[in-house]
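Colleague: I'm new to this one. Could you walk me through it and tell me where the descriptions come from?

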Amino acid sequence: MEKILDIVDAIAHEKGLQPEKVIEALKTAFIQTAKRVIDRNFAFEANIDQATKSIEIVQTITVVADDDERLQDEEVAPAYISITDAREYDDQVELDDQLQIPHDLEEYGRTGASQLHREIEYHIQRLVEDELFNKYKSKIGTLVTGRVTSVDSHNATYIEVDEVRAVLPMKSRIKGEIFRKGDHLKAVVRRVNMDKENGIQIELSRTSPKFLEELLALEVPEIADGAVIIERSARIPGERAKIALLSTHPQVDAVGATVGVKGVRINAVSQELIGENIDCVEYTSIPELFISRVMSPAIISHVEIVRNEDGDAEKAIITLPADQKSKAIGKSGINIRLASMLTGLNIELVENDTVTTEDGEIEEAKDGVDALEALFN
């Protein structure tokens, strides 16, 4: 019980905690121990004795009127004393004064010592978990690296990340990925929860668009230093992704910097994503122009934005040649799905295979030789 402040410094150093928080945790442990071994209805306080560098426990009793109802309540009565009884000990006391009775936990022998040990261990552990929770809560959406420790029967992968164990669920793995014990992998922190029974729980993801963004920031210095901003991103994990880039510096080409010389930068990221194709487009605040870029590799003729009563864009009607429609849709609809995800709009495709004659009749546009003749004449 002596030199408790020296113990505080040792715990704080070992666990990487702030000494002030360790002191509060120890005070709570002492108070809970006193309640368990002395009387749970007593009101206790833990005070630091700077002279002996120890914590002392005192029972606090509040002086109340003789007819105070709290004196009749068995649950709270031990925390109060009538002014008549109090003045038998000190004739100078007044209402609401607080009397303090010191207690020494060492008088309760092994029972008190073992209980105190359990309480200190519990509250220090809670403090460590709270610190870890706050640390990783602030890391949501950021990249972490860890070593695989096990894979369970549900194909959930458990990873050791610094001082905690995180889980990468099957649903958050890229299709076709297989991890084995000892493998090192990168992922982003998706969710952090605190469970009373299991403690801190950290869920990782490799399918989130944020994972793509973090990998790009790791590979492209211009993104890391803010010269290029990733305005938006969309992914269909393991297949294809689209990112909208904006340069904040007039001499920096956002798309060129991200792709790198001969595609070396974007290919490095694609390799980490199991060959996922990544389309880079330049972002613009003009919706029609942005949509036309996002629909690449399709070449479109016209974009019409449909807005609701509040003026918010809801849908984009895209007019394009018939031979561009398959490119706009993409394999299994992947291109148009990504474009919709990136723009946040429903996209409707309209072919412009027809033209209107002077008589108002609609006829199909001519192909082949007729088209060439019209072009050169």
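Modeller: Sure, here are a few questions and answers on helix packing and cores; keep in mind that this is a predicted model.

Colleague: Let's start with H1 and H2. Why are they called oblique to each other?

Modeller: H1 (residues 4-15) and H2 (residues 19-37) pack at an angle of about 125 degrees. Roughly perpendicular covers 65 to 115 and roughly antiparallel is over 145, so that angle counts as oblique. Their axes are 9 Å apart, and the crossing is right-handed.

Colleague: Which residues make the contact?

Modeller: On H1, Ile4, Leu5, Val8, Ile11 and Ala12; on H2, Pro19, Val22, Ile23, Leu26 and Phe30.

Colleague: Where else does Val22 turn up?

Modeller: In the largest nonpolar core, which has 39 residues; Val22, Ile202 and Leu204 have the most contacts inside it. Leaving out residues up to four places away in sequence, Ile202 touches Tyr136, Val164, Ala166, Val167, Val189, Arg191 and Val192. There's also a second, separate core of 25 residues, with Val294, Ile305, Ala339 and Ile347 among them.

Colleague: Now H8. How do you know that its buried residues line one face?

Modeller: Ile266, Val269 and Ser270 are buried in H8 (residues 264-272). Looking down the axis of H8, the buried residues fall within an arc of 100 degrees, so they line one face of the helix. The face turned away from that buried side carries the exposed Val264 and Gln271.

Colleague: What do the buried residues of H8 pack against?

Modeller: Helix H5 (209-219), helix H7 (254-259) and strand S12 (277-282).

Note on methods
Residues are numbered from 1 along each chain as its sequence is written. This is a predicted model: local features need pLDDT of at least 70, side-chain atom pairs count only at pLDDT 80 or more; totals for chains, interfaces and linings use all residues. Side-chain values use heavy atoms; hydrogens and water are left out. Buried means under 20% relative accessible area, exposed over 50%, partly exposed in between (1.4 Å probe, protein chains only). Helices (H or I, at least four residues) and strands (E, at least two) are DSSP runs, numbered from the N terminus. The arc is that of the directions from the helix axis to the C-beta atoms. Contact means heavy atoms within 4.5 Å. A nonpolar core is a set of buried Ala, Val, Leu, Ile, Met, Phe, Trp, Tyr and Cys residues joined through side-chain atoms within 4.5 Å. Axes are lines fitted to C-alpha atoms, for helices over the stretch in contact, and angles run from 0 to 180 degrees between N-to-C directions. A crossing is left-handed if the near helix is turned anticlockwise from the far one by less than a right angle, and right-handed if clockwise.
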